[in-house]
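I am opening a fresh notebook page for this structure and keeping the entries short. Come along if you like looking things up one at a time.

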Amino acid sequence: MKLRTSLFVCTALAGGVALGVPAVFASSHREAPAIAGMPRVDGTDFYMFRSYEPDRADYVTFIANYIPIQAPYGGPNYFTLDQDAAYDIRIDSDGDARPDLTYRFRFSTTLANDGKGITLDIGDQKVAIPLRQGGQLTNRLNQPNLNEVENYTLTMFNGDPDNTSGVSLSPMGQSVWPFIKPIDNIGSKTIPDYEGYAKTRMYDINIPGCGKPGKVFVGQRAEAFAVNLGEIFDLINLVPIEGDSTRGNGDGRGFPGGITQSRKNDDLVGKANVTSIALELPIACVVGDGNGVIGGWTTAS
């Protein structure tokens with residue numbers, strides 16, 4: 001499973017979105033009023049596609065994005081997931097719109113030094129720092145300069161979690177438990193190699209009853225949803241459609257009054273981040289007894 005800086009999805013096999021907290025069913029990039037006040041459980045997009053890396057054609061990747069429109073400068077708190085929420089990726093293998101498999105993520109945050117946090121000696125007092133980091137972070141799993149650690153557990157259910165008991169999944173070949181979610185991309189001084197730092201927190205996982213391992217990653221990624229978000233709500237002030245006969249050739253022979261389209265018109269791509277919950281699973285282990293076609297969706301509750 002390779003998560004690019006931007007999650008660019010070429011082909012979606014199937015998918016759906018159903019997000020909510022109790023009595024709230026909505027998802028958005030901040031435009032749905034029922035969920036706008038609870039961004040930590042606000043799902044923006046759900047992607048499902050056959051893995052495209054070499055030797056991974058027998059896998060399917062699921063990506064559930066949460067917490068919309070994260071500003072890259074969103075410190076000092078940045079964007080942790082909700083400790084009271086259950087984040088699910090649900091898979092239907094027989095076409096009845098009910099989950100045959102559910103992968104549930106639950107998150108927790110803890111301060112370093114047994115909850116005291118990183119402290120500085122100020123006079124005769126030890127004063128806790130008000131930052132999530134107390135120095136530079138490296139690619140190692142053990143990070144003494146990390147003031148707040150965000151972990152998560154992953155549980156697999158054969159069906160709906162409300163009706164079945166689950167099995168806890170753990171990282172393969174590592175003593176780290178639970179899983180570690182990388183801190184958000186604070187900047188190059190704090191994390192000189194963010195790609196490498198995040199990659200060390202991508203885990204292989206054993207899946208009960210499956211002959212091949214899967215992969216899991218949760219962390220901040222660059223937003224890949226392309227939209228003129230501001231113009232949509234400015235009395236539908238959309239960028240005019242293509243003005244050239246072929247996009248980008250500058251001949252002006254397209255739609256009268258149109259312009260040459262450009263990614264510069266996007267309000268999110270290259271300007272905002274999102275938190276991705278990603279699973280890569282062997283196809284043979286998710287199709288079940290169905291006809292090989294699967295559906296998927298994500299919920300937060």
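**Entry 1: strand partners**

I note at the outset that I am working with a predicted model. I began with a single pairing and found that Ile205 has Gly214, in β13, as its bridge partner. Strand β12 covers residues 203-205, and 3 bridges join it to β13, the two running antiparallel.

Next I went to the other pairing of β13. Strand β14 (residues 273-282) pairs with β13 over 8 bridges, again in the antiparallel sense. Here I looked up Arg221 and found it opposite Val274 of β14.

Is strand β13 buried or exposed? I checked residues 214-222, and 9 of the 9 are buried, so the strand is largely enclosed by the rest of the structure.

Then I followed β14 to strand β4, which spans residues 59-70. I counted 9 bridges between β4 and β14, and the two run antiparallel. For a residue pair I picked Phe62, whose bridge partner in β14 is Leu279.

**Entry 2: the sheet as a whole**

In what order do the strands of the open sheet come? I wrote down β3-β4-β14-β13-β12, which makes 5 strands with antiparallel pairing. At the edges I found β3 (43-50) and β12; each has a single partner strand, so one side of each is left without a neighbour in the sheet. I also looked up the twist: on average, neighbouring strands of this sheet are turned by 20° against each other, direction ignored.

**Entry 3: the disulfide**

How many disulfides does the structure hold? I found 1, and it joins Cys210 to Cys285 with an S to S distance of 1.9 Å. Cys210 sits in the loop between β12 and β13, while Cys285 sits in the loop between β14 and β15 (295-300). The two cysteines are 75 residues apart, and the pair links distant parts of the chain.

I looked at the geometry too. The torsion about the S-S bond of Cys210 and Cys285 is about 85°, so I logged the disulfide as right-handed. The two ends fall into separate classes of accessibility: Cys210 is buried, at a relative accessible area of 15%, whereas Cys285 counts as partly exposed at 25%.

While I was in the loop between β14 and β15, I also looked up Gly290, which has its place there. Gly290 is partly exposed, with a relative accessible area of 33%. What caught my eye was its partner in space: Gly290 and Asp94 are 196 residues apart in sequence but 4.7 Å apart in space, C-alpha to C-alpha.

**Entry 4: salt bridges**

I searched the whole structure and got 10 salt bridges. I wrote up three of them here.

The first entry is Arg56 with Glu280, where the closest N and O atoms are 2.6 Å apart. Why does this pair tie together parts distant in sequence? Arg56 lies in the loop between β3 and β4 and Glu280 in strand β14, so the parts it ties together are 224 residues apart in sequence. I then checked accessibility: Arg56 is buried, with a relative accessible area of 18%, and Glu280 is buried as well, at 1%.

The next entry is Asp58 with Lys212, whose side chains meet in a salt bridge at 3.6 Å, N to O. Asp58 is in the loop between β3 and β4 and Lys212 in the loop between β12 and β13, so this pair ties together parts that are 154 residues apart in sequence. Both partners came up as partly exposed: Asp58 has a relative accessible area of 48%, and Lys212 has 38%.

For the last entry I took Arg90 and Asp88, with their closest N and O atoms 2.8 Å apart. I found both Arg90 and Asp88 buried. They belong to a network of salt bridges that links Asp88, Arg90, Arg104 and Asp160.

**Entry 5: a surface patch**

I closed the page with the surface. Which residues make the nonpolar patch of about 260 Å²? I listed Leu120, Ile122 and Val127. Of these I followed up Val127, which lies in strand β8 (residues 125-128). Val127 is partly exposed, with a relative accessible area of 38%.

Key
Residues numbered from 1 in each chain as written. Predicted model: local features only at pLDDT ≥ 70, side-chain atom pairs only at ≥ 80, totals over all residues. Heavy atoms only, no water. Patch = residues over 30% accessible without salt bridge, like charges linked within 9 Å, V, L, I, M, F, W, Y side chains within 5 Å. Areas by Shrake-Rupley, 256 points an atom, 1.4 Å probe, with all protein chains shown as cover. Salt bridge = Lys/Arg side-chain N within 4 Å of Asp/Glu carboxyl O. Helix = DSSP H or I, 4+ residues; strand = E, 2+ residues; numbered from the N terminus. Buried < 20%, exposed > 50% of the residue type's maximum accessible area, 1.4 Å probe, protein only. Pairing = 2+ DSSP bridges. Disulfide = S-S within 2.5 Å. Axes fitted to C-alpha atoms, helices over the stretch in contact; angles between N-to-C directions.
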